[in-house]
Amino acid sequence: MSCFMGQMLNYTFLSIDRFDGENLGSSAFFLSHCHTDHMVGLTHEAFKYKLKCQPDVKLFTSEVTKCLLLADERYSFLLPNIEVLLIEDPKLLSIKTKSIVEELTVTLLPAGHCPGSVMFLFEGAEGTMLYTGDFRLSHSSASRMPCLKNKVIDHIYVDTTFCIEEAWYIPPRELCVKNLLKIVQQWIVKGNQYVVRLNMSAKYGYEYLIEELHKSFGEKIYCSRAKNYDCLPNIASILTTDPTCSHIFVCYKTEILGSQWKASKMDVADMFKNFQWLTINLSTMYFTNCEEAHVVEVQTNKQCYRLCFSFHSSLSEICSFLRQIKPTHIHANVLPSLNETLYSVEERLRHFCTNQSHSMQQSYRPLGSIQSSNNQCVEVVQRSNSLDLLHSNKVFSFARRKRKTNLDFLSPNP
């Protein structure tokens, strides 16, 4: 869960992925993607009032994110203020603040996290900043982005969700799909009453799995919230809300299947009673506790699997990206565990800074809530100078695992 509070050290007249509190004083807003921890304050009355009173204030985002937003009636008020920026197409923006007109160039870069997710590259008089939002990029992704070539990145605000030794390796999505297809095939081939429930934990981010399931088995995939994808025809066309048309059900973890049809479709409810269910829980954190490396699937009982799937970068992928970017300063956006501080995470990555002798600039204002391993939120308070000093005198080390782990990421060189 993001701990970024909306404003960078530079270009403080704009806010990213946060729309409440002191961000209400910003003159421009940016949204990286449609996940709720990056949309705090977006529907608050104070933000609505600001946009109504200041029609020139814009919310910049990608085309897909705009479509997903406006597909939800809660965000229809944003329509007059949304401005779409194209991917990898630098755009010079003139942003009117209280005193002057600020100019900076903004480039959207693909983040690989969920539909419409982007990173923001800001360039102007105050330097070059890269905000990654949430991202899942392969080891060579940065080298394939022309807009980053030969750039001197002064500050990077990076997704550190899995910046822990236990998440050094996360299987690529292609391998996860291969295992998923194998598990599903082995189950549904047994007969028409054998069906699969695939549990999701987020609103968006699993579309790649849905597409591959459709390609492999040639049938539509059941999703009770298929309407969410009406604005994305390539996904909407392969989904159905008719449970009689599919052997594969994509569900939210808390969703109770069958109950919604009991009143009007008793035959469907009866059909559900005869189904033989196989449940597949998509997870990442579960696999960080596995003693064996490179585990992709675990069968927990005869009718339940856990499958490793992530739309956040692994630690090795984070390090690879930073090694290619070579930023001057690194700022962590996420606490990977409750035993960490943002400062300790930044210190761990400092080896990738071009100016290693310069200690991390203290950049964080009061932080929001983070998600613990048991899905409860705790409040993160503002770090004082004395707390930073305390952490700077500690030795930050990873908890040792029984299995051997590659620690080459501590070196900035390949």
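## Exercises on a predicted model

Glu 88 is partly exposed, with a relative accessible area of 34%; this value, like every other one below, comes from a predicted model.

**Exercise 1.** Describe the setting of Glu 88: in which loop does the residue lie, and which residues is Glu 88 in contact with, leaving aside its neighbours within four places in sequence?

*Solution.* Begin with the accessibility: buried means under 20% and exposed means over 50%, so the 34% of Glu 88 makes this residue partly exposed. Next, place the residue along the chain, where Glu 88 belongs to the loop that runs between strand 4 and strand 5 (91-96). Then list the contacts beyond four places in sequence, which are Thr 107, Leu 108, Leu 109, Pro 110, Met 145, Pro 146 and Cys 147. Finally, consider a C-alpha separation: Glu 88 and Val 118 are 30 residues apart along the chain, and their C-alpha atoms are separated by 9.9 Å.

**Exercise 2.** Determine whether Ser 15 is buried or exposed, and identify the residue whose side chain has a polar contact with that of Ser 15.

*Solution.* First locate Ser 15, which is found in strand 1 (residues 14-16). Its relative accessible area is 0%, so Ser 15 is buried. The side chain of Ser 15 makes a polar contact of 2.7 Å with the side chain of Asn 23. Asn 23 also appears among the residues in contact with Ser 15 once neighbours within four places are left aside, a list including Gly 6, Gln 7, Ser 26 and Phe 29.

**Exercise 3.** Work out the order of the strands in the open sheet of four strands, and state which strands are at its edges.

*Solution.* The four strands follow the order 1-2-3-4 and pair in parallel. Strand 1 and strand 4 (82-84) are the edge strands, since each of them pairs on one side only. From one strand to the next, the twist averages 25 degrees. Looking at one pairing in detail, strand 3 (residues 59-61) and strand 4 are parallel and share three bridges, and Leu 59 has Ile 82 in strand 4 as its bridge partner. Helix 2 (residues 63-70) lies across strand 3 and strand 4, and runs at about 150 degrees to strand 4.

**Exercise 4.** Classify the ring pair of Phe 19 and Phe 29, and explain which parts of the chain the pair ties together.

*Solution.* The structure holds 21 aromatic pairs. For Phe 19 and Phe 29, the ring centres are 5.8 Å apart and the planes stand at 35 degrees, so the pair is tilted. Because Phe 19 lies in the loop between strand 1 and strand 2 (28-30) while Phe 29 lies in strand 2, the pair ties together parts that are 10 residues apart in sequence. Both of these residues are buried. Elsewhere, ring pairs link Phe 30, Phe 60, Phe 120 and Phe 122 into a cluster.

**Exercise 5.** Trace the pairings of strand 7 (residues 118-124) with strand 6 and with strand 8, and say how many of its seven residues are buried.

*Solution.* Strand 7 is mostly covered, with six of its seven residues buried. Its pairing with strand 6 (residues 101-110) is antiparallel over seven bridges, and within strand 7 Phe 122 stands opposite Val 106. The pairing with strand 8 (residues 127-131) is antiparallel over five bridges, where Leu 121 has Leu 130 as its bridge partner. A hairpin of two residues joins strand 7 to strand 8.

Key. Residues numbered from 1 in each chain as written. Predicted model: local features only at pLDDT ≥ 70, side-chain atom pairs only at ≥ 80, totals over all residues. Heavy atoms only, no water. Buried < 20%, exposed > 50% of the residue type's maximum accessible area, 1.4 Å probe, protein only. Polar contact = N/O pair within 3.5 Å; in protein donor to acceptor, adjacent residues only side chain to side chain. Contact = heavy atoms within 4.5 Å. Pairing = 2+ DSSP bridges. Axes fitted to C-alpha atoms, helices over the stretch in contact; angles between N-to-C directions. Phe/Tyr/Trp six-rings, centres within 6.5 Å; stacked < 30°, edge-to-face > 60°.
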